[in-house]
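Student: Could you take me through one part of this structure slowly, the way you would at the bench? I would like a close look at a single chain and how its pieces sit together.

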Amino acid sequence: MTFKQMFTSSVGKKLVMGFTGLFLVLFLIVHVGLNACIWANDNGEMFNKGAHFMGANWVPRLLEVGLFAGLILHIIQGLMVELSNRSKRAIKYDVTFGNKGSKWYSRSMGLLGVLILIFLVLHLAHFWIPNRSAQGFIGLEGEIDLYTKMKDTFIGDSWQVIVTILVYVLGCAALGYHLAHGVQSACRTFGLSNPKWIAVVSTLGYAFAIIVPLMFALMPLSFHFGWIN
Amino acid sequence: MEHKNINLKLKVWRQKNSTDKGGFETYDVKNISQEMSFLEMFDVLNEELIAEDKDPIAFDHDCREGICGMCSMYINGRPHGPWEANTTCQLHMRAFNEGETIVVEPWRANAFPIIKDLMVDRTAFDRIIQAGGYISVNTGNAVDANALPIEKAKADAAFAAAACIGCGACVAACKNSSAMLFVSAKAAHLNQLPQGQPERKTRVMNMVAQMDKEGFGACTNTGACEAVCPKEISITNIARLNLDYTCAGLTDTK
């Protein structure tokens with residue numbers, strides 16, 4: 001079996017989804033960790049230092065290229081697997097099986113993924129694109145003050161701010177449900193069959209799926225409701 | 001338990017042949033003993049249809065004791081009906097109440113084309129088995145059973161996987177029409193035994209390749225298959241297959 005045959009098979013495609021998915025989980029850990037610096041209550045000093053390290057240093061900037069490659073692979077492969085899977089039953093059932101045998105979010109990974117993608121486009125347009133644009137995309141100098149940018153985006157009573165916060169919270173909820181199935185599903189795809197370890201991974205997966213998106217969702221809310229100075 | 005006869009409304013998928021469009025037809029079935037099996041209820045209905053000079057409903061059945069894997073039927077949104085760990089032939093009419101409407105559909109998957117009414121063509125499973133669901137044995141004297149020591153836990157796990165009757169409920173329940181529970185059960189049955197080791201790698205590679213060729217979807221670990229399996233085959237077999245497949249793919253020299 002060639003590598004091509006392996007990675008284009010139904011199992012191989014899922015392996016790609018699992019590996020890129022767990023890679024993105026690692027990214028989320030870095031992202032949530034750095035962003036948590038906003039709660040240092042130091043008017044963004046620590047947060048901006050972290051942001052500066054990520055944006056003005058060639059090592060994270062190079063890793064960022066890998067991150068986008070992994071993200072794009074996850075998105076394209078995910079959409080292809082979803083569309084292919086949907087095409088396998090041309091005539092649908094009159095009465096659907098529904099939630100009797102599986103969780104709704106485990107069956108809705110494609111939909112949740114698309115919701116996250118929509119949120120991500122908005123999120124990149126808010127922060128990443130203006131920042132990299134100010135740097136000339138390949139440059140390391142000339143970053144914008146991202147803490148101030150966060151304040152501008154999330155503080156205020158205009159409908160744009162309210163809608164933005166709502167989209168962020170919904171995006172985080174979609175991410176949470178996506179992770180709730182994704183983490184343990186990836187591990188099963190890698191071949192984890194030991195019930196002891198499945199229990200550990202499921203628990204960790206659910207914990208991650210709750211804690212990380214909740215922390216992300218609390219960030220715009222913290223700015224909006226003045227929980228940080 | 002009190003014996004009762006009940007009257008039901010059946011909404012059944014009728015389709016003349018594989019090319020016919022098909023559609024639902026509703027039948028009133030009266031005076032059905034709750035001690036009948038679901039298939040016996042269909043027998044009663046078919047007798048009536050024959051008496052009326054109408055075409056009886058075609059459905060698969062054979063042993064009627066839950067071991068052959070021939071019966072199918074997607075009953076009220078669940079393969080093999082409402083009971084857990086049960087086949088349609090062993091589903092009894094006491095599972096239903098007086099006046100209830102029961103919707104009966106065939107297994108729906110492109111890989112299981114409809115032959116007629118509720119009968120589907122499941123020969124895709126046969127071809128997957130032919131691709132690797134076997135062991136090669138030299139002829140000659142039978143090997144003494146004790147010559148191959150097998151750990152009890154492994155023997156039990158292999159036996160649990162071997163309980164798969166190949167009915168296809170896993171495919172019918174899966175949103176992706178994936179056959180991974182079936183394939184993984186057949187692979188796990190042989191891959192955990194010493195006799196299955198020589199062909200372990202080629203088995204998983206060939207069975208997965210055949211499964212993809214037959215037009216089944218990819219597994220997304222939703223667990224719907226495990227929930228409906230009449231033999232309670234565990235979804236952990238799928239993880240075992242994934243690992244065997246990955247190892248085979250990475251170590252294969254071609």
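Tutor: Happy to. A quick definition to begin with: a helix here is a DSSP run of H or I with at least four residues, a strand is a DSSP run of E with at least two, and both are numbered from the N terminus. Please keep in mind that this is a predicted model. Let us take chain B as our part.

Counted in that way, chain B has eight helices and seven strands. Its C-alpha atoms fill a box of roughly 60 × 40 × 35 Å along the principal axes. Chain B has 254 residues, and 44% of them count as buried. Among the contacts in chain B with a separation of 6 or more, 71% link residues that are 24 or more positions apart.

The domain assignment splits chain B into domain 1, covering 5-105, and domain 2, covering 123-250. The C-alpha centres of these two domains of chain B are 30 Å apart. Where they touch, domain 1 of chain B supplies 12 residues and domain 2 of chain B supplies 10. The domain 1 side of that contact in chain B is made up of five nonpolar, six polar and one charged residues.

Now for the sheet. Five strands of chain B make an open sheet, in the order β2-β1-β5-β3-β4, with mixed pairing. The edges are held by β2 (23-33) and β4 (78-79) of chain B; each has a single partner strand, so one side of each has no neighbour in the sheet. Helix α1 of chain B, residues 38-51, packs on this sheet and touches β1 and β2 of chain B. The direction of α1(B) makes about 105 degrees with that of β2(B).

Let us follow β5(B) and its partners. On one side, strand β1 of chain B (residues 5-14) runs parallel to β5(B), and four bridges join the two. Within this pair, B:Lys11 stands opposite B:Val103 of β5(B). The other partner is strand β3 of chain B, residues 74-75, which pairs with β5(B) in the antiparallel sense over two bridges. Here B:Ile75 stands opposite B:Val104 of β5(B), while B:Tyr74 has B:Glu105 of β5(B) as its bridge partner. As you look along the strands, remember that in a regular strand the side chains alternate between the two faces of the sheet.

Next, a pair of helices. How do α6(B) and α8(B) pack against each other? Their angle is about 105 degrees and their axes are 9 Å apart. Angles of 65 to 115 degrees count as roughly perpendicular, so α6(B) is roughly perpendicular to α8(B). From α6(B), the contact uses B:Arg200, B:Lys201, B:Val204, B:Met205 and B:Val208. From α8(B) come B:Leu241, B:Asp244, B:Tyr245 and B:Ala248. By class, this contact of α6(B) with α8(B) holds six nonpolar, no polar and three charged residues.

Both of these helices come up again where chain B meets its partner. In that interface, 42 residues of chain B are in contact with 37 residues of chain A. The elements of chain B that give two or more residues to it are β5 (101-105), α6 (200-213), α7 (224-228) and α8 (236-251). Of these, α8(B) gives the largest share, with 10 residues. The side of chain B that touches chain A has 19 nonpolar, 15 polar and eight charged residues. So that you can place β5(B) in both settings: β5(B) is joined to β1(B) by four bridges, and β5(B) is also listed among the elements on the side that touches chain A.

A brief look across at the partner will round this off. Chain A comes to nine helices and zero strands. Its C-alpha atoms fill a box of roughly 55 × 40 × 35 Å along the principal axes. Buried residues make up 29% of the 229 residues in chain A. In chain A, helix α7 (residues 146-154) and helix α9 (residues 195-224) pack at about 75 degrees, with their axes 8 Å apart; α7(A) and α9(A) are therefore roughly perpendicular to each other. The residues in this contact are A:Met150, A:Lys151 and A:Phe154 from α7(A), together with A:Pro220, A:Phe223 and A:His224 from α9(A).

Methods
Residues are numbered from 1 along each chain as its sequence is written. Chains are lettered from A and ligands numbered from 1 in the order in which they are written. This is a predicted model: local features need pLDDT of at least 70, side-chain atom pairs count only at pLDDT 80 or more; totals for chains, interfaces and linings use all residues. Two residues are in contact if their C-beta atoms, placed from the backbone, lie within 7 Å. Ala, Val, Leu, Ile, Met, Phe, Trp, Tyr, Cys and Pro count as nonpolar, Asp, Glu, Lys and Arg as charged, and the others, Gly among them, as polar. Axes are lines fitted to C-alpha atoms, for helices over the stretch in contact, and angles run from 0 to 180 degrees between N-to-C directions. Angles under 35 degrees count as roughly parallel, over 145 as roughly antiparallel, 65 to 115 as roughly perpendicular and the rest as oblique. Two strands pair if DSSP finds at least two bridges between them. Domain bounds come from an automatic or database domain assignment. A residue is buried if 20 or more other C-beta atoms lie within 10 Å of its own, exposed if 12 or fewer, and partly exposed in between; C-beta atoms are placed from the backbone.
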